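Student: I would like to work through this model with you, one question at a time. Please show me the sequence and the structure before we begin.

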Amino acid sequence: MIRKRGQHWHMDVSINGVRYREPLRTTDKREAKEAEKRRVAEILAGKGSSLAGREFARLPFTTALEQLMEERKPHVAPKTQEVDKNRSKPLCRYFGDRPLNRITAADIATFQRKRLAGEGFDVAGSARTINMEVTLLRTLMQKAKLWGRLREDVKALPESSAPIGRALTVEELRHLFAVSTQSERWLVVRCAMTIALATAGRGVELKGLRWQHVDLFSRMLRFERSKTSGGIRTIPLTGDAVNALTALRARAEAFGPVEDEHFIFATCENLQFDPTKPMKGWRTAWRSLVAEAATLAGDAAERAGESRATAEKPFRGLRFHDLRHCSVTMLAEAGVSDATLMSISGHLSRKMLEHYSHVRIQAKRDAVTHLPSGLFSMGAEREAETTGKVQ
């Protein structure tokens with residue numbers, strides 16, 4: 001059977017219990033009938049149809065998703081595996097054991113609506129969270145060769161257009177670093193902050209660093225593990241970054257010999273230092289540091305008779321990843337070319353570069369002073385002169 005959708009014809013047939021709904025890519029009915037016959041013949045002959053995909057499409061949703069995530073493990077980072085696991089929970093809760101080939105665009109739309117409202121879920125999800133969950137669902141349906149018939153009818157939820165991340169001023173950064181020197185428990189996170197600012201590095205890139213990736217004599221660092229292929233890059237080190245790495249090296253040597261394959265940010269749990277494993281992160285230290293920075297900034301503002309809330313605001317909710325925004329923003333304000341910025345930050349597109357660059361209003365004011373001035377007045381004066389001559 002062929003059906004017209006919009007201007008084009010599609011086929012909708014069941015062969016050996018499997019339904020095939022595919023575009024025929026023609027607006028002519030006669031051509032569509034011929035294309036359908038050829039396609040049916042191909043399917044019966046086992047050509048042009050993924051039998052593995054069709055069998056996969058019959059699996060229950062939870063089983064199929066578990067299989068997909070298991071197949072992805074060798075190809076994605078542990079952090080991505082963890083993220084996928086979290087995104088899969090609402091999907092499994094809603095779709096359960098429903099076969100993949102029974103899921104419709106209307107089912108996905110209902111999932112989006114209920115997930116947004118929190119109906120049947122522990123908590124409501126944000127539009128961005130739900131869109132990322134549907135992205136995982138899309139990957140699953142693509143593997144089952146089913147996404148083609150759903151693509152046109154599944155719409156992403158509108159997300160907030162508010163900028164993501166922030167860029168601290170130099171004064172705010174100085175305050176944050178000054179607070180970090182007040183306790184030895186913030187040594188590692190202070191070193192991580194320094195290297196992140198000096199390299200525009202992501203947290204995952206820093207945690208993947210080994211000593212073989214650093215040359216302190218030539219002051220160079222190479223990121224070998226990154227979120228994207230463009231993230232594999234070599235960056236010259238600032239004096240601050242060299243000092244931070246030197247401190248981390250001394251810390252590691254206090255526990256024993258340091259090998260090239262050892263992690264720079266090595267795990268240290270319950271005073272057990274293991275340089276062969278990267279640390280999971282510095283979330284606890286970072287949060288306590290930011291909270292202390294906000295408190296001290298507020299105290300100083302009160303003593304000066306200023307607003308405590310205004311002084312604390314830059315540090316409330318500050319993420320470690322925002323240091324990457326700071327780095328890219330400061331480089332952009334310094335007039336660094338886009339090509340160099342992309343090379344340092346590991347971005348592959350202008351769009352992502354703009355996402356991270358929060359060029360401040362003062363920098364924009366300074367920039368527009370270089371534009372020609374007096375042109376409008378000049379035009380008005382000339383018009384007045386012309387009018388006077390006519391009269």
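Student: In E6, which residue is the bridge partner of methionine 220?

Tutor: Before answering, note that this is a predicted model, in which local features need pLDDT of at least 70, side-chain atom pairs count only at pLDDT 80 or more, and totals for chains, interfaces and linings use all residues. Residues are numbered from 1 along each chain as its sequence is written, and side-chain values use heavy atoms, with hydrogens and water left out. Strand E5 covers residues 220–223 and pairs with E6 in the antiparallel sense over four bridges, where strands (E, at least two residues) and helices (H or I, at least four) are DSSP runs numbered from the N terminus. In E6, methionine 220 is bridged to proline 236.

Student: Which strands are the edge strands of the open sheet?

Tutor: The sheet has three strands in the order E4-E5-E6, with antiparallel pairing, and two strands pair if DSSP finds at least two bridges between them. The strands that pair on one side only are E4 (214–215) and E6 (233–236).

Student: Why is H8 described as largely enclosed by the rest of the structure?

Tutor: Helix H8, residues 187–199, reaches 18 Å from its first C-alpha to its last, close to the 18 Å expected, the expected span being 1.5 Å times one less than the number of residues. Buried means under 20% relative accessible area, exposed over 50%, and partly exposed in between, with a 1.4 Å probe and protein chains only. Among the buried residues of H8 are Leu187, Cys191 and Ile195. The helix is largely enclosed because its buried residues number 11 of the 13.

Student: Which element gives the most residues to the largest nonpolar core?

Tutor: A nonpolar core is a set of buried Ala, Val, Leu, Ile, Met, Phe, Trp, Tyr and Cys residues joined through side-chain atoms within 4.5 Å. The largest one has 49 residues, of which Leu176, Leu206, Phe265, Trp282, Trp286 and Phe320 touch the most other members. Elements that each supply at least two residues include helix H7 (170–180), E5 and helix H11 (283–303). With nine residues, the element that gives the most is H8.

Student: Which residues of H8 does phenylalanine 320 touch?

Tutor: Contact here means heavy atoms within 4.5 Å, and residues up to four places away in sequence are not counted for phenylalanine 320. Its contacts include Leu206, Trp282 and Trp286. Those listed among the buried residues of H8 are Ala192, Met193 and Ala196.

Student: Is leucine 289 buried or exposed?

Tutor: Leucine 289 is found in helix H11, and beyond its neighbours within four places in sequence it is in contact with Leu176, Val179, Ser180, Trp186, Val189 and Met193. Its C-alpha lies 7.3 Å from that of valine 179, although the two are 110 residues apart along the chain. With a relative accessible area of 0%, leucine 289 is buried.

Student: Which backbone oxygen does the side chain of lysine 207 reach?

Tutor: Lysine 207 has its place in helix H9 (residues 203–207), and at 21% relative accessibility it counts as partly exposed. Leaving aside neighbours within four places in sequence, its contacts include Phe263, Pro278 and Trp282. At 3.2 Å, the side chain reaches the backbone oxygen of lysine 280.

Methods:
Polar contact = N/O pair within 3.5 Å; in protein donor to acceptor, adjacent residues only side chain to side chain.
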